[in-house]
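Student: I would like to go through the pockets and the ligand site, and ask how each label is earned.
Tutor: Then look at the model first.

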Amino acid sequence: MDTKKAGFNSKLIHAGGIEDPMGSAVTPIYQTSTFRFKNADHGARCFSGEEKGYIYTRLGNPTIDDLQNTLAELENGYAAVVTASGMAAVNNVYLAFLGAGDHMVSHNSVYGPSRGVMEKLYPKLGVESTYVDCTHLENIEKAIRPNTKLLYLETPANPTMGITDIAGAAAIAHKHNVLVCVDNTFCSPYIQKPLDLGADIVLHSMTKFINGHADIVGGCVVAKTKELFGEIAYVMKNVGFNMDPHQAWLTRRGLKTLSVRIERAQANAKKIAEFLENHPKIDWVLYPGLKSHPQYELAKKQMAGPGAMMSFGVKGGLVAGKTVMDNVHLALLAVSLGGIETLIQHPASMTHSKLSKEEREEAGITDGLVRLSVGIEDVDDIIADLDHALSLV
Ligand code: LCS
């Protein structure tokens with residue numbers, strides 16, 4: 001079915017464009033490393049690009065194409081690559097657009113390793129970076145230098161829930177010929193479409209909402225144009241960031257229920273955020289759906305909903321936060337996010353522990369910050385679980 005003009009939910013189910021010769025309703029898992037040519041000339045034509053045909057799974061595979069084509073349609077991009085992890089997607093973008101003498105500007109609170117790898121590994125390749133609070137657009141303009149090539153945003157940011165104005169940031173970046181990449185992991189395309197807002201590249205850790213079932217690790221990069229896609233695909237294929245067909249198949253299956261999962265998790269999250277905000281033992285809550293969020297109005301404008309992620313501080317700081325994390329029973333004390341099960345974790349000692357204390361404090365990742373990824377369980381059970389843990393503080 002041609003899903004180009006279909007609605008988002010129809011795309012979730014039917015996009016992909018791979019027709020199985022046996023008539024299978026679901027694109028099968030082509031668990032093969034290589035593909036047989038009809039004859040030597042056919043092989044040569046596939047390699048030269050004269051004829052479209054599968055060659056070798058690192059370069060292309062029908063199960064992987066099914067997922068890639070779907071993601072490109074959902075994000076309104078030209079084309080997508082899928083990668084073995086979200087970090088492979090992040091590095092795919094860095095390597096495609098940054099080289100010796102180049103500079104990148106990014107938000108000070110992004111997923112820990114997305115910043116960690118840039119500050120540890122990329123200086124060896126001659127790449128410089130500046131991390132600022134991108135939720136204030138003037139900081140972006142100030143940080144841009146003549147050699148800046150990439151503005152790397154994550155919004156809402158992990159774990160501070162800071163929201164950057166994508167359209168505003170893209171206008172500044174493009175004035176200086178700087179490309180804009182948005183890590184859309186916290187939203188998924190159901191909630192936010194960065195390419196429509198002016199970004200050039202969008203990426204995901206598909207380990208999260210896109211797959212949604214906490215059973216794979218994966219990533220993707222979607223490009224707005226053919227030229228950008230060429231750079232991205234070259235790195236994926238030749239550095240070997242590719243995803244395995246079985247992993248791609250599971251992800252495509254998980255993706256089918258994205259809207260229903262997010263609607264349910266988001267409805268739960270709205271109630272939980274209100275419960276926490278009104279709880280006497282809670283100091284603060286950061287959730288884009290609460291009026292108290294500093295970018296509440298911006299969130300309403302650029303996101304189709306507030307999502308299922310939040311962070312909060314318990315009165316009594318770290319010690320009190322640990323009491324909550326150690327006494328929940330339904331929520332899992334685990335990193336990762338965006339799955340159907342509710343997860344709670346402590347960024348300062350877990351996902352963002354490799355940043356220095358100064359870097360964390362400057363980015364607002366305080367020792368008392370607890371992050372909650374709301375799942376699709378019965379909301380009353382999640383609230384009762386948190387309420388019980390909070391009663392022990
Ligand atoms: N981008 C964001 C926003 C993330 O949250 C993560 C992982 C990544 C990229 C990297 O993706 P991965 O390689 O793990 O698929 N975030 C995690 C987190 O907050 N807890 O555990 C992993």
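Student: What makes α2 (40-48), α3 (62-74), β1 (79-83) and α8 (226-240) part of the account of the largest pocket?
Tutor: Each supplies at least two residues of its lining. A lining residue has an atom within 4 Å of a pocket point. Helices (H or I, at least four residues) and strands (E, at least two) are DSSP runs, numbered from the N terminus. The largest share, six residues, comes from α3.

Student: How do you know what kind of model this is, and what is counted?
Tutor: The model is predicted: local features need pLDDT of at least 70, side-chain atom pairs count only at pLDDT 80 or more, and totals for chains, interfaces and linings use all residues. Residues are numbered from 1 along each chain as its sequence is written, and side-chain values use heavy atoms, leaving out hydrogens and water.

Student: Why is S205 said to make a polar contact with the ligand?
Tutor: A polar contact is a pair of N or O atoms within 3.5 Å. A polar side-chain atom of S205 lies 2.8 Å from an oxygen atom of the ligand, so the pair meets that limit. For R371, a polar side-chain atom lies 2.7 Å from a ligand oxygen atom, so that pair also counts.

Student: Which residues around the ligand are closest?
Tutor: Of the 18 residues that surround the ligand, the closest are M87, D183, S205, T207 and R371. A residue is near the ligand if one of its heavy atoms lies within 4 Å of it.

Definitions and conventions:
Polar contact = N/O pair within 3.5 Å; in protein donor to acceptor, adjacent residues only side chain to side chain.
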